[in-house]
Structure formats: structure tokens, C-alpha cells
Amino acid sequence: MRTVDLVLRPGTANDAAECGRICYEAFAGIAHEHGFPPDFPSPEVGVALIETALTHPGFYSVVAELDGRIVGSNFLDERSPTVGVGPITIDPGVQNQGVGRRLMQDVMDRAAERGAPGIRLLQSGYHNRSFSLYASMGFVFRETVACVQGEAILREIPGHPVREATDADLHACNELCRQVHGVDRGGEVADALKQGTARVVEREERVTGYATDLAFFAHAVAETTPDLQALIASAPAFGGPGILVPASNSLLLRWCLASGLGVVQLMSLMSVGLYNEPEGAYLPSILQ
């Protein structure tokens, strides 16, 4: 392929159908090749996801074209001080020909221009080619993460009451995230509050954990593992392929397995720039 002729441009809402189709087919093809279930169950889900990213003011988008035909896209979640990459998808017909590297370099340049202190992404552990690409571009492996899914647990953890979050909780959630990660993710929490998916857990009349949702595209932060268990146990369902549990938190992972959840796949959390070892319990989102 003539990668020199590749044109990169900002994405628009009109790109949703084609970029969404590519997103579904690319992820489904790679998953099938390795014997794993696809991250997205249908093309419609892929289109809806891409449309949301293309129209949300907190996301930067870039689309790759060759001879006037869309062949890939990439996104940067800019809602928080550290930024998250993805989804990056390449048309199956032009994969492994340099398009992914160009799209990755574009979002990394964007992050540098904005002065973002760090960039994060999660990568499917079975996809060696993407791991090699990210490592070659400077991303450092940080953590193995287990994507787990199953029936809702629906029970209370004694001494750890969970309730729906309100706008008044935003400050406490941001302070908690800074305590655990060194930076806040206030933009994502604000979105979750608008959508009505955010929850908090309290002890001694203070917020000790929160979740923007219990889902693939959501994150959670807590002072302790029991706080995080309470949030997980209260969820009516786990959205998308499942929640992302750091494998190093063996207590939490064993508890999830004992509660009937199963591992769907293992993923690699990778980053460039600022990365603080978490001082608490957490669940990353697929974006960071």
C-alpha cells in the first residue's frame, strides 16, 4: 500500500457509519482469528460507539483515507488530564501496512500539543501485533488486566453502603481519584453524573469509592478493595464485554471468580509519560 498517499483528517459525524463498520469488522476479525468473542456484538453497536466519540466534544478524532476511501480511524479521550487512546481500528483489507502507526503517531502528537502529562491505552493480550506496535512507539507495559463478565452479584457488603452519585459528590470523587492515581478523571465523572450511571460507596459518612458505571467503557476508584467490591456487588449488570480487574489485585480477582464471574480475556494496560502506581483499588476503563 502507498502509505505516502494516506490522508489523515479530523473525523466528522458523517463518518460514523463507515468508521463504525470498520470498527466492528476489525475487532471481530482479530477476535475470531484468535478464538475470542468480539468486543462488539453487532455492526450497529460499533456505529453507535464511533458516533458517540465523533460527536462528543471531549474526544479528538482522526480518520485515515486512501484514494478517497476511509480505511481507519483513531480517537483520543481528552476528558481528563491524562488522555486515553482508542478505539483505533483499521480496515481488514489494509491492516499491517503502516496505517495504524500513522494513526497512533497522530494522536500522540495531539497529546503532546495539548501538554497532556500521560497517555494510556488497553490492548488485547492475544493481539501480539498491536502490542508490538505500541511498545515500538514508546508505550510501557504497566499491568495485566482481566476482563470479567457474568451474572450480577446483587448483594451488599456489610459496612459499605452504595448509593447513586449526585453532582454534590463530584469534588469528593475527584479528590479520591487524585489520592489513588495522582490525577482526577473529572470529565468522565461529570458525564456519568449526567447519564445517571455513577455510584458512590461510603464509610463513616464520607465517599470512599466511586464508579462511573460497572462496564467496559467505565472506571472505578476506591480507597480499599472492600469498597470496590461493594460497588461491583451493587451493579445490576456489567456493560459490554465486562469490567476490567487488575490481575495484581489478587484478592479482588479471586472474589470476582468466587462470585460467579468469569475471565473473558486478558489485556495489557500500557502508558507513555506520567504514570503513578495506584495507591488504592481501581478498575480502569478500556480507554485508560
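Buried means under 20% relative accessible area, exposed means over 50%, and partly exposed lies in between (1.4 Å probe, protein chains only). This is a predicted model, where local features need pLDDT of at least 70 and side-chain atom pairs count only at pLDDT 80 or more, while totals for chains, interfaces and linings use all residues. Residues are numbered from 1 along each chain as its sequence is written, and side-chain values use heavy atoms, leaving out hydrogens and water.

Q: What makes glutamate 205 count as buried or exposed?
A: Its relative accessibility is 81%, and the cut-off for exposed is over 50%, so glutamate 205 is exposed. You will find glutamate 205 in the loop between E9 and E10.

Q: What is notable about phi of glutamate 205?
A: Phi of glutamate 205 is near 65 degrees, a positive value in a residue other than glycine. Most residues other than glycine have a negative phi. Aspartate 67 has a positive phi as well, near 55 degrees. Aspartate 67 lies in the loop between strand E2 (59-66) and strand E3 (69-77), and with a relative accessible area of 63% it is exposed.

Q: How do you know that E9 and E10 pair?
A: Strands are DSSP runs of at least two residues, helices are H or I runs of at least four, and both are numbered from the N terminus. Two strands pair if DSSP finds at least two bridges between them. Strand E9 (residues 199-203) and strand E10 (residues 206-211) have 5 bridges in the antiparallel sense, so the condition is met. In this pairing, valine 200 stands opposite tyrosine 210 in E10.

Q: Why are strand E8 and strand E14 said to stand at the edges?
A: The open sheet has 5 strands in the order E8-E9-E10-E11-E14, with antiparallel pairing. Strand E8 (162-164) and strand E14 (281-283) each have a single partner strand, so one side of each is left without a neighbour in the sheet.

Q: Which strands does E7 pair with, and how do you know that?
A: Strand E7 (residues 140-149) is joined to strand E13 (residues 262-273) over 9 bridges, and to strand E12 (residues 243-246) over 4 bridges. Both pairings are antiparallel. Valine 145 stands opposite methionine 267 in E13, while cysteine 147 has leucine 244 in E12 as its bridge partner.

Q: Why is the contact of arginine 9 and glutamate 65 called a salt bridge?
A: The term asks for a side-chain nitrogen of Lys or Arg within 4 Å of a carboxyl oxygen of Asp or Glu. The closest N and O atoms of arginine 9 and glutamate 65 are 3.0 Å apart, so the pair qualifies. Arginine 9 lies in strand E1 (residues 7-10) and glutamate 65 in strand E2, so the pair ties together parts that are 56 residues apart in sequence. Arginine 9 is partly exposed at 22%, whereas glutamate 65 is buried at 18%. A search of the whole structure finds 19 salt bridges.

Q: What separates arginine 21 and glutamate 18 in helix H1?
A: They are 3 residues apart in helix H1 (residues 16-33), about one helical turn. Their side chains meet in a salt bridge with an N to O distance of 2.6 Å.

Q: What makes aspartate 77 buried?
A: Its relative accessibility is 0%, and the limit is under 20%. Aspartate 77 meets arginine 79 in a salt bridge (2.8 Å, N to O), and arginine 79 is partly exposed at 21%.

Q: Why is the pair of phenylalanine 216 and phenylalanine 217 called edge-to-face?
A: Rings of Phe, Tyr and Trp (its six-membered ring) pair if their centres lie within 6.5 Å; planes under 30 degrees apart count as stacked, over 60 as edge-to-face and the rest as tilted. The structure holds 4 aromatic pairs. In this one, the centres are 5.7 Å apart and the planes differ by 80 degrees, so edge-to-face is the right label. Phenylalanine 216 is buried at 2%, while phenylalanine 217 is partly exposed at 35%.

Q: Where is the cis peptide bond that involves proline 87, and how do you know that it is cis?
A: The bond joins glycine 86 and proline 87, and omega is about 0 degrees. Proline 87 sits in the loop between strand E4 (83-85) and strand E5 (89-90). Most peptide bonds are trans.
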